[in-house]
Amino acid sequence: MTVLDSRALNRATLARQHLLTRAATSVPEAVAHLCGLQAQEPQEPFIGLWSRLADFNPRQLDDALTGRTVVRTHLMRRTVHLVTSDDALAWRARHDTMLRQRVLGTWRRELAGIDVEEVAAAGRAAVADRQPRTMSELVQEAVEDRWPGPPRRVLGELLVAALIPMAQLPPRGLWHQRAGVRNLPLATWLERDLDPLPAQDSDPVGQQLLRRYLAAYGPAASADLRAWCGLAGLPAAVKAIREELIAFRDERGRELLDLPDAPRPHPDTPAPVRFLPAFDNAILGYHDRSRIIDDAHLGLSVAGQRTVLVDGRVTATWTARDHLLRVRPLRPLTVLEQEAVQAEAQDLATFLDEDIEHIQLGTES
């Protein structure tokens, strides 16, 4: 079985994430290909798409959100993701159990003794009038009087992140807008019913998730797939389509699965500088992230640090505030690398449109 080293895996990831060459594709097509973008920080997906798409204009994502072809919702790993409406409807039922387990596990003591189905029914009754609500308003109207014990935040998270499939409505998530979260059931916002979970042992939704994940993240191990989506019970899906796939090994000896015709560029393929947003799935979408980030810097990816890829790897962090775009390298950069970072930073400053007056390439952290 062919062994793929870290650099080969890195170039495969960059190619599939549109980080080797910016793609000439629409926003909904890009969001679908990437299987969504993590979006709890509402402005970050704009940066992620700018780094991946040719001639990206923020209005394109605004139009997709207001036109309901893309939606903000809790999905993979119980985090807010920006996904296409089709994927939200097709995938939500497969994520239900995981979403409930994660909320109930996080707030086990606070929710002890709560009848989850009764809470869900009360929440659904409250939103039947098809009116958007904040989480606090939903708790106040639906469950606070009947379940006064748990903190309101806990009840609210149970309702909007687990029990009722919700969309977070615009203007939340629009370019350069600050807006609180207003929730409406997905089916109401999209005017389409959610797909039911098929009662098949072969897990057809899991099969679709696996194919789509490999197209955007592969080659990858089963543990990487689980880390990306947060779902358990995927072995049936892997088994069902295994004959469609090819297999490799990584340098640790793990089996990696992949689609036969997916791009796997030569390891020496040049990789341009790319600025990534906070919580980018190019980093977070794996259990073993060594293909793109050194172990010493793993904490950056979960702490919400924006990162810079140099030669395909996380090599710096960046911030933009007070009219300053500051890049902090994690290792010394060569002169050519500094020039490439400066050039991409200048383009980013223009895109951000935040009156950035200076770009500072700081010293090694």
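1. In this predicted model, Gly230 adopts a positive phi of about 85 degrees at the position just after helix α11. The points below take up that helix and then a sheet elsewhere in the chain.

2. Helix α11, which spans residues 222-229, has Asp224, Leu225, Trp228 and Cys229 as its buried residues. Viewed down the axis of α11, these buried residues fall within an arc of 115 degrees, so they line one face of the helix. In general, an α-helix has 3.6 residues a turn, so residues three or four places apart point the same way.

3. As for what that face meets, the buried residues of α11 pack against three named helices, namely α5 (85-106), α10 (204-217) and α13 (281-284).

4. The sheet is open and consists of five strands in the order β9-β10-β11-β12-β13, and its pairing is mixed. Its edges are formed by β9 (274-276) and β13 (358-361), each of which pairs on one side only. From one strand to the next, the twist averages 25 degrees.

5. At the β13 edge, β12 (residues 324-329) pairs with β13 in the parallel sense, over four bridges, and within this part of the sheet Leu324 stands opposite His358 in β13.

6. Helix α15, covering residues 335-352, packs on the sheet and touches β9, β10 (306-310), β11 (313-321), β12 and β13. The direction of α15 makes about 145 degrees with that of β13, the strand that is also one of the two edges of the sheet.

How values were computed:
Residues are numbered from 1 along each chain as its sequence is written. This is a predicted model: local features need pLDDT of at least 70, side-chain atom pairs count only at pLDDT 80 or more; totals for chains, interfaces and linings use all residues. Side-chain values use heavy atoms; hydrogens and water are left out. Two strands pair if DSSP finds at least two bridges between them. Axes are lines fitted to C-alpha atoms, for helices over the stretch in contact, and angles run from 0 to 180 degrees between N-to-C directions. Contact means heavy atoms within 4.5 Å. Buried means under 20% relative accessible area, exposed over 50%, partly exposed in between (1.4 Å probe, protein chains only). The arc is that of the directions from the helix axis to the C-beta atoms.
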